[in-house]
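Morning, everyone. Please have a look at the structure on the screen, and I will walk you through it.

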Amino acid sequence: MRLRHTLIPTLRDDPSDAETASHRFMARAGLIRQLASGVYTYLPLGYRVLRNVERIIREEMEKAGAVELLLPALHPAELWQESGRWDVYGDELMRLKDRNGRPFALGATHEEAITSLVRDEVKSYKKLPLTLYQIQTKFRDERRPRYGLLRGREFLMKDAYSFDASQEGLDQSYTRMYDAYTAIFTRCGLKFRAIEADSGAIGGSDTHEFMALSDIGEDTIVHCGQCDYAANLELAESVGSVNAKADAGGVAADKAEPGATAPAAFGAGQIVETPNCRTIAQLTRFFGVGPERIVKSIALLIDGRPVVALVRGDRELNETKIKRMLGATSAELMSEQDITDKLGSVAGFIGPVNLPSDIPIMADEEIRGMRQAIVGANAADRHLVDVDADRDFRINLYGDLRTATAGDRCTRCGGELRFDKGIEVGHVFKLGTKYSEAMRATYLDDSGKSNPYIMGCYGIGVSRLLAAIVEQHHNDAGIVWPAEITPYRVHLIVIQTNNTVQMELAEKLYRDLQNAGCDVLYDDRDDRAGAKFADADLIGLPLRVTVGKRAAEGIVECKRRSEAESFELAADRLTDFVRSM
Ligand code: 9G3
């Protein structure tokens, strides 16, 4: 392709709204342009890479036995009302009315659409298992689109849906997709990790996320240095590093803050005046103890109902875990007013002792057996000390409610846990019958009985994957494309377009390379060499070939994008050399 004939509008400077490397370089290398917030044009170069990624996805989907189709993006509201999700998703689901005033949604995902199709077309167990997929535009009205293609409001997703007649069948479909994802991300040159994840609102049981490792990732990956445990921080388990149980003695006065009113030792459950000590830090200073001696009581509305959750003072409550444990969809902190009205307590001084008996108290299992603990007294500026968990307050339910933290150990092997940031590029779910039951999508089994399909769903954020690849494959000068998805293989530059020897050699090489099946981007513009080299670095093709002053000797200069130094090569050996790459 002659650069002159295509459209690759490179930029010298970073766009002001670009905060990450991939957003900066995809804009500067002329791959994407923003049309609106979270809405992007794929320019010719960007679209060419996108198609290469899609090719890899299609090849691996084919190998996994999945069949491609294309579902509509325009969904009648009735479909989403059948599944009950029309009212679950708020403003994020983009809705519109047709000319007759009928309500529609722009597809944010396609469980409803695909289940409706299979319900009509697949009625016998003989037609199962069946895995259908599409590569389709999705619409989600994100509150804060950001980082270019990483979080858009219109984006490209490969979404696959499997239909089986048994759990074993689903397990096989799931494994095939899981393995296909591993192959896809590997071929795309991505450094990634598959981790246990939370199924969230979509429900279902097993689910894994495929995370591209990146410091700008919004997700936190917890993984063990010794065994293969890896999970999203939302649900990762861990064994506490601080094994401190309450020590025998009371609160040692000499460690208490000077001037504190805390006497040397207290009776069991004694009230202590703790003026304005609302935070764990203030309490540890006041009493001269570690945070693990304090019980943190958090008042929440879980699906609108008041609940008090207890975690040790050195821990954070994990809201995803408490929602999972209670099978709830929403969890939010209780307002100060509610804390007074519903708990009869005071914000900052909530504690588990003498709470109204209709308020459920959930406790992280590290609370079990705590002795000489410090808890809020449910009164302003007061705490109770020397409280024994098993003796002094009731717990309705114990569970793993805490968020894993640095220093914790692996629950499986005791190894040290590590924390990385990641970008979610894939997510696979075992849905079970959640949608097929909701939509009465059934098949007749060999005894003529009708059963809901057992489903799985499998997504790859294709446009997001493109950005994640650039996040991992760039240097200060621009993008460095992995071989299998690079938009072109060779970046051919001629220095002096008014020099016939250089032009003739360059044209010949352009022709020979293309005849050898090598995709070439040929920069024959009347520009300064520096500008052409800067564009080559931004665009990031694997090999730059320069026809310059040694053209007369049949010598060209070559430089791999992944290396700093260049080398010279006889022009007539170039095609073989490129083939050997
Ligand atoms: C919506 C909106 C946003 C959403 C969803 C629905 C996320 C929604 C989860 C999934 C699950 C799987 C098939 C491919 C793999 C992922 N955000 N999810 O369902 F209406 Cl506005 O998309 N879908």
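I will start with the whole chain, then go to the core, the helix contacts, and a few backbone details.

First, a caution. This is a predicted model. Please keep that in mind throughout.

Now the overall picture. The protein has 581 residues, and 52% of them are buried. Its secondary structure comes to 14 helices and 31 strands. Along the principal axes, the C-alpha trace spans about 100 × 70 × 50 Å. How do contacts spread along the sequence? Take the contacts between residues at least 6 apart in sequence: 69% of those join residues at least 24 apart.

Next, the core. The largest nonpolar core has 57 residues. Which of them have the most contacts inside it? They are Val53, Met61, Tyr181, Phe185, Val425, Leu465 and Trp481. This core draws on two domains, with at least three residues from each. One is domain 1, which is made of 54–68, 109–237 and 419–471. The other is domain 3, residues 490–580. Apart from this core lies another one, of 26 residues. Leu71, Ala105, Leu132 and Ile202 are among them.

Let me pick out two residues from that first list. Start with Tyr181. Set aside its neighbours within four places in sequence. What does Tyr181 touch then? Its contacts are Met61, Lys158, Phe210, Gly426, His427, Val428, Tyr458, Gly459 and Ile460.

Now Phe185. You will find Phe185 in helix 5, residues 167–187. Is Phe185 buried or exposed? It is buried, with a relative accessible area of 0%. Leave out the neighbours within four places again. Phe185 then contacts Leu190, Phe192, Phe210, Val425, Gly426, Ile460 and Leu465. Look at Gly426 in that list. Phe185 and Gly426 are 241 residues apart along the chain, yet their C-alpha atoms are separated by 9.2 Å.

On to helix packing. Helix 11 is the one to follow here, residues 462–472. Take its contact with helix 2 first, residues 44–63. The two axes come within 10 Å and cross at roughly 110°. So helix 2 and helix 11 are roughly perpendicular to each other. Who makes the contact? From helix 2, we have Gly46, Val49, Leu50, Val53, Glu54 and Ile57. From helix 11, we have Val462, Ser463, Leu465, Leu466 and Ile469. By class, that gives eight nonpolar residues, two polar and one charged. Val53 and Leu465 are familiar names: both were in the list of residues with the most contacts inside the core.

Helix 11 also meets helix 1, residues 21–28. Here the axes come within 8 Å and cross at roughly 100°. Helix 1 and helix 11 are therefore roughly perpendicular as well. On the helix 1 side, the contact uses Ala21, Ser22, His23, Phe25 and Met26. On the helix 11 side, it uses Leu466, Ala467, Val470 and Glu471. The classes here are six nonpolar, two polar and one charged.

Now the backbone. Most residues other than glycine have a negative phi, and most peptide bonds are trans. Three places here deserve a look.

Where is the cis bond? It runs from Leu128 to Pro129, with omega near 0°. Pro129 lies in the loop between helix 4, 111–121, and strand 7, 130–139.

Second, Asn354. It is not a glycine, but its phi is positive, about 65°. Asn354 sits in the loop between helix 8, 336–343, and strand 17, 361–364. It is exposed, with a relative accessible area of 74%.

Third, Asp386. Its phi is also positive, near 55°, and again this is not a glycine. Is Asp386 buried or exposed? It is buried, at 7% relative accessible area. Asp386 lies in a strand, strand 19, residues 382–387.

Last stop, towards the end of the chain. Thr575 lies in helix 14, residues 574–580. Thr575 counts as buried because its relative accessibility is 17%, and the cut-off is under 20%. Beyond its neighbours within four places, Thr575 contacts Asp512, Leu513 and Ala516. Cys518 is 57 residues away along the chain, and its C-alpha atom is separated from that of Thr575 by 8.5 Å.

That is the tour. Thank you.

How values were computed
Residues are numbered from 1 along each chain as its sequence is written. This is a predicted model: local features need pLDDT of at least 70, side-chain atom pairs count only at pLDDT 80 or more; totals for chains, interfaces and linings use all residues. Side-chain values use heavy atoms; hydrogens and water are left out. A nonpolar core is a set of buried Ala, Val, Leu, Ile, Met, Phe, Trp, Tyr and Cys residues joined through side-chain atoms within 4.5 Å. Buried means under 20% relative accessible area, exposed over 50%, partly exposed in between (1.4 Å probe, protein chains only). Domain bounds come from an automatic or database domain assignment. Contact means heavy atoms within 4.5 Å. Axes are lines fitted to C-alpha atoms, for helices over the stretch in contact, and angles run from 0 to 180 degrees between N-to-C directions. Helices (H or I, at least four residues) and strands (E, at least two) are DSSP runs, numbered from the N terminus. Angles under 35 degrees count as roughly parallel, over 145 as roughly antiparallel, 65 to 115 as roughly perpendicular and the rest as oblique. Ala, Val, Leu, Ile, Met, Phe, Trp, Tyr, Cys and Pro count as nonpolar, Asp, Glu, Lys and Arg as charged, and the others, Gly among them, as polar.
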